[in-house]
Amino acid sequence: MLQDIDTILNGWITALESRTQLAAREVQFCTYILVYPYLTLDEIAQHICYSEKSIRNYKQRIANKLGVSSADLYQHLQKDIIAYLHNDNTNLK
């Protein structure tokens with residue numbers, strides 16, 4: 001099952017990178033907030049070795065690039081991965 005989750009997540013990350021202008025660190029941040037929604041921005045900053053201020057800037061920049069508000073970023077990413085799954089982009093059945 002963990003391999004299935006890893007396959008889904010890696011596929012989604014690849015799809016996200018190919019259709020957006022997000023930098024690798026921005027995609028990493030998106031993955032963190034999607035997989036670990038209970039982490040604070042400070043905790044995420046510690047995991048990826050950035051300051052909380054930098055992470056707040058990342059979040060705002062990502063939201064701007066995706067055309068959503070910073071407050072709606074998590075919900076947008078949830079919808080995005082669900083759409084990815086509905087488009088049958090995995091080998092899981």
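User: At what angle do helix 4 and helix 5 pack, and how far apart are their axes?

Analyst: This is a predicted model, in which local features need pLDDT of at least 70, side-chain atom pairs count only at pLDDT 80 or more, and totals for chains, interfaces and linings use all residues. Residues are numbered from 1 along each chain as its sequence is written, and side-chain values use heavy atoms, with hydrogens and water left out. Axes are lines fitted to C-alpha atoms, for helices over the stretch in contact, with angles from 0 to 180 degrees between N-to-C directions. For helix 4 and helix 5, the packing angle is about 50° and the axes are 10 Å apart.

User: Which word describes how helix 4 and helix 5 lie to each other?

Analyst: Angles under 35 degrees count as roughly parallel, over 145 as roughly antiparallel, 65 to 115 as roughly perpendicular, and the rest as oblique. The angle here is about 50°. Helix 4 and helix 5 are therefore oblique.

User: Which residues make the contact between helix 4 and helix 5?

Analyst: Contact means heavy atoms within 4.5 Å. Helix 4 brings Lys59, Ile62, Ala63 and Leu66, while helix 5 brings Leu73, His76 and Leu77.

User: How many residues does helix 4 have, and how far does it reach?

Analyst: Helices are DSSP runs (H or I, at least four residues), numbered from the N terminus. The expected span is 1.5 Å times one less than the number of residues. Helix 4 runs over residues 52–66, and its reach from first C-alpha to last is close to the expected 21 Å: it has 15 residues and reaches 21 Å.

User: What arc do the buried residues of helix 4 cover around the axis?

Analyst: Buried means under 20% relative accessible area, exposed over 50%, and partly exposed in between (1.4 Å probe, protein chains only). In helix 4 the buried residues are Ile55, Tyr58, Ile62, Ala63 and Leu66. They sit on the same side of helix 4, because the arc, taken from the directions from the helix axis to the C-beta atoms, is only 125°.

User: Is lysine 53 buried or exposed?

Analyst: Lysine 53 belongs to helix 4, on the face turned away from the buried side, which also carries Asn64. Because its relative accessibility is 62%, lysine 53 counts as exposed.

User: Which residues does aspartate 80 touch, leaving out those up to four places away in sequence?

Analyst: Aspartate 80 lies in helix 5, residues 73–86. With a relative accessible area of 13%, aspartate 80 is buried. Its contacts, on that count, are Trp12, Leu16 and Arg19.

Methods. Helix = DSSP H or I, 4+ residues; strand = E, 2+ residues; numbered from the N terminus.
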